[in-house]
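Welcome! Take a moment to look over the sequence and the fold, and then we will walk through some strands and helices together.

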Amino acid sequence: RGAYRRLCRLVHPDKLRGFDGATRAFQALVTALDRVTGSDLPVESEEADKGPGIERTNEGCLRTIVKCPRCEEPWGASAQEGLPPYAYNLLMTGLREYTCSTCLCEFGCVSATHSCRKCEAPFDYSPADFHRKIKCGECGDEFGFRSYHVSARNMANAVAEARAAHERRAKSRLAKRRRADAAQRRGALFDGERCFLNGLSDDCPRCGAFFGVGTSMDDRRTHLKACTDAAA
């Protein structure tokens, strides 16, 4: 989180007003923090498969102040945003990310700025904190996080969306990894062919055929043009 805050100060759009890519860079940083520090699949979605459970008490719990990490505007504070009360649950459990109505920055519970209701001091938050109480490091006030009622249908929809988003990210990561591996293989094959043509290697990088001393570069080039054994 310390590294994230340092990077935020460096790439914040307010600090880089002349750089067109500042907003894009800041959004990428916020998204990266939510992906890296958040769980692969929110715990709330796994609990939903077990069927309806007993809702916990809200004794000693309150709705904390949540702000956009970019413009520091309070999230969900205005009725004009059109968010139901249980949107707080979905954000704080990591089931859903939201877009700031002021600066259009998309953020999750980890990258958002959280403040104590009593003294408004910021504190670090993770989805695992939602069902327990924490103590403010500034004023010492102990509090939990309010849980609003969510219908079974709305929770099922939120879980389905979270899983679909998780699967899309997993497929995207796999596709990127495959492209990177293919590019690395192509680079290694190209280097091997160059060494083979220049006589620095006696073995064909494709099929492994041996070409001893005295073989001309033209012979090697002719062999490479005809060699289709890409598996070697």
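Let us start at a turn: in the hairpin of β7 and β8, which has 6 residues between the strands, G140 takes a positive phi near 80°. Helices (H or I, at least four residues) and strands (E, at least two) are DSSP runs, numbered from the N terminus. This is a predicted model, in which local features need pLDDT of at least 70 and side-chain atom pairs count only at pLDDT 80 or more, while totals for chains, interfaces and linings use all residues. Residues are numbered from 1 along each chain as its sequence is written, and side-chain values use heavy atoms, with hydrogens and water left out.

**The sheet around the hairpin**

Two strands pair if DSSP finds at least two bridges between them. Strands β7 and β8 (residues 142-145) pair in the antiparallel sense over 2 bridges. They belong to an open sheet of 3 strands with the order β1-β8-β7 and mixed pairing. At its edges are β1 (61-62) and β7 (134-135), each pairing on one side only. β1 runs parallel to β8, and 2 bridges join them.

**A second sheet**

Another open sheet of 3 strands follows the order β2-β5-β6, and its pairing is antiparallel. Because β2 (65-67) and β6 (122-123) stand at the edges with a single partner strand each, one side of each is left without a neighbour in the sheet. Between β2 and β5 (residues 113-115), which run antiparallel, there are 3 bridges.

Here are some residues and the partners they face across the strands:

| Residue | Opposite residue | Strand of the opposite residue |
|---|---|---|
| L62 | F145 | β8 |
| I134 | F143 | β8 |
| K135 | E142 | β8 |
| V66 | H114 | β5 |

What holds paired strands together? Strands of a sheet pair through backbone hydrogen bonds, either parallel or antiparallel.

**Two helix residues**

Now for the helices. Is N89 buried or exposed? N89 is buried, with a relative accessible area of 5%; buried means under 20%, exposed over 50%, and partly exposed in between (1.4 Å probe, protein chains only). This residue lies in helix α4 (residues 87-92). Leaving aside residues up to four places away in sequence, N89 touches F130, R146, S147, Y148 and V150, where contact means heavy atoms within 4.5 Å.

R35 sits in helix α2 (residues 22-37) and is partly exposed, with a relative accessible area of 31%. With residues up to four places away in sequence not counted, R35 touches E97 and R169. R35 and V110 are 75 residues apart in sequence, and their C-alpha atoms are 9.1 Å apart in space.
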